[in-house]
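Reader: I am new to this structure. Could you take me through how its chains meet?

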Amino acid sequence: VKPLALLDDASAQALAFDWLVDAIAPVSVYGERVFDELRPYRPGEERPAQERADRIAAIAANLDGGRLHGARETLRNLPDASGAIARAALGETLVDVGFFELQRFCDAIEHVDALLSGIRGVAPITNAAVRALSQALEAGRTTGGGFYLAGGFDTELERARRRLTQAEGELDAARARELERIARQLGRNDIGVDEFVVMRSDLRGSLPPGVRVLREASTYLLCTLEYDEPTLAALRDRARAADGVAVAEENVRARLSAKVREHAAQLEEAARELGELDVHLAAARFAQCHECSPAAISPEPVLSFVRARFLPLAVELTAAGRAFTPLDLELHDVAVLTGPNMGGKSVCLQTCGFIAICAAFGLPVPAGFARVGLFGEIAWLGIGGEDELGGLLSTFAKEVLRLREIFGRGVPPLLLLVDEFARTTNPHEGKALLVALLDSLRKRGALGMLATHLGGVAREGRARHFAVRGLLGIPRPPATSDLGKALATLAASMDYAIAEVTGDEAPRADAIALTALLGMDGAFVDAAYRALSQ
Amino acid sequence: MAEEQAVRVGLQLLELARARGAGSLLVVGTGKNVGKTVAMRAIYEAACDSGLRVGVASAGLDGEAVDQIETHPKPRLWLRAGTILATAAGALPRSPASEILGVSRLRSAVGRLVYARAAGTGFYELIGPSTASGLREVLDELSALSEFVIIDGAIDRLAALAGGHDAIVVAGGAATAKTVQEAADEIRALVQRLGVARFDPDDAVVRVQGALTVTQIGRLIALREQRQIVVRDPTQIALRGKALSQAFVKLRIRCERPLHVMATTIASIGPEWSLEPRTLVRAVAAATGLPTFDVYAGARAP
């Protein structure tokens, strides 16, 4: 998958792009080839993006888990026949491994077509070339599912093999007679190897005829066999018969390779379609597993969703026995997001980015409903996004340089997700910078969501204001210092939902409550509350 | 010392392995040209004569007409029809055609591996997977396709077999030792190293992460360590010569996943010199305490 200009490395990391790539990865070598070339749709490509998401959603809706699994398992173990097709197209005579791969390729296409027959969004892949090749290779099918250049391909091959079998029989008989005679004369059970040792002390008289000495030592002789004339004649007959088989086999291979060459273009097309099917099945599985539905792809730069989830976290929470609180949001220009620490501001931003990325790749999105535009760039600025800029700069300097880079790229329309930009400078100037950022984004026609703890940014920047609802009450710290219990208490007390704030922002003291919840002693917490009230 | 007996070496090795319940047998050597492939062929012939469906493979490059490293002539593998083999796709002879049973995602040093059934008798080149884990996969696949598997092994690939029931035969001889004593010591050292026993879970242990090195051994001996020194498997013991013998005398070296060395074979003839065969087979048997076979002479000691 190539994110190209849609995401830089820092944004890809912050928005868990690798997680998404793993979740929609195909299983076959054909799928991997298509997947490697997958790129996001650009603004103006709303229609194909919509069609792809709809097709995947249709497959997910119409295909039961068993058949989906069956089709993917068929694809998973499929050897790659593309090399064989290409070599045959170039005029090479293929080796038998190539025919095996091609037979498995044809079988898999026919099997998957039968399995997915009637599923909306899935067109059959079998074409005339697949049928012709499958028929041409049929004589090579073995009971164990292998391929053998059988005599059924050609009567001359059959005859040549019969001649070889006869010649081998005659050679084996002649050789066995020789070996038995020599072993008997040497007083041994058998002569197991081509070179053998005869101890001088065991030797009665001279060596039997047909034994040649390779090396002499004081106590033993290293010997080898020298066949007699009848055995050598049988050996020559066998060699001639083997040559005849080799020629007949090569003739069959040449004929089969010509058949592949004749249909190479259509076979390549089938291979590409098989790869695309694999990629679509992987995406359908993703949609089924995570209850995704296609977003309405908008020609406008908007991001609107109901009951959306940031899947990497949702999966992690589910594994821990907890649940992700789905988020609702409508964003059509710039907005500010406030809320308590650990209230999910960053997750809200990540949800925005994740939904936008899914839509950009023509995937159903993890939301009950979504309307999403296609963006030129989805960028993350702030916590987690500045690591790649080296250690000599301060956090604030890194953020400024990153913002400069993002604006410098100027790929419209931009979706900028800002997580506490300027949090490390003084609040007065930080606020001014955020207001300036809102203004700058507006002028660029960008969509932006700025999460911050600073008050008054939305009002002064004339931006819409969203807030995490926050703590439902001040939770009582657990009796123990167990962090897991503290987090569970926090989760039970926190309303992670996002709501638009229309009036003045009410001052909240959630941070001090969290400090208490996370185990700081009472005196410290009381001092903080006293300082706050002054 | 018992006299050596004239025997069918391949059949005896096969019977020893099967008596232990091993469905596969690996031949590893103290070095190059110590008769590994000759021993393997003897066992192969015996297994075929016994009517078994045999699978064969190599742990690396093997079966070439000439040794790739030392350019000495090597015994080639003449396989009978019906033998299952794992080798690189490009190493399969075009004629006689083989039945192709599967294409692995594993790669060898010269390309991807395939599983095939020899449809006709002929010379075959065995090229194995390039990793230890790959060898395990090949062995499992061949075990599923055949009744007895014979592998031309390499010591550095044995890790993947540790903890299994595969039988190991150690081959050694004149190619790597100038005297009978030297050859016997060398084979004994390898047998001792590969034959390290499983640790006793009820006794105290010092676990060694990764390889057990000379430096670690020196420290443990200096500390007069009495606990069991436990490595993951015998291939993690990176010791040779005096360090190895000292370690086995002064420490209790054990492993989590043992290997099963069941016999040794000797090749008294090396490329440059040879050793007296009867003396060698007796010396190796005495040094290792294992049944020892001279494949070339068709002899066994004790």
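Reader: How many salt bridges cross the interface of chain B and chain A?
Author: This is a predicted model. A salt bridge needs a side-chain nitrogen of Lys or Arg within 4 Å of a carboxyl oxygen of Asp or Glu. Arg278(B) and Asp202(A) pass, because their N to O distance is 2.8 Å. Across the interface the rule finds three.

Reader: Which element gives the most residues to the side of chain B that touches chain A?
Author: Four elements of chain B give two or more residues there: helix H2 (36-49), strand S6 (98-108), strand S7 (111-118) and helix H7 (277-288). The one that gives the most supplies seven residues. That is S6(B).

Reader: On that side of chain B, how many residues are nonpolar, polar and charged?
Author: Chain B brings 36 residues to the contact, and chain A brings 42. Those of chain B divide into 21 nonpolar, seven polar and eight charged.

Reader: What area is buried between chain B and chain A?
Author: The size of an interface is often given as the accessible area lost when the parts come together. Carbon and sulfur atoms give 49% of the area here. The total is about 2900 Å².

Reader: Where in chain B is the pLDDT below 50?
Author: Chain B averages a pLDDT of 87, and 92% of the residues score at least 70. One stretch falls below 50, yet has 38 contacts in the model beyond near neighbours in sequence. Where pLDDT is low, the predicted coordinates should not be read in detail. The stretch is residues 62-75.

Reader: What ipTM does the predictor give the complex?
Author: The predictor gives two scores for the complex. The pTM is 0.81, and the ipTM is 0.84.

Technical notes: Residues numbered from 1 in each chain as written. Chains lettered and ligands numbered in written order. Predicted model: local features only at pLDDT ≥ 70, side-chain atom pairs only at ≥ 80, totals over all residues. Heavy atoms only, no water. Contact = heavy atoms within 4.5 Å. Buried area = accessible area lost by both parts, 1.4 Å probe. Nonpolar A, V, L, I, M, F, W, Y, C, P; charged D, E, K, R; others polar. pLDDT = per-residue confidence, 0-100.
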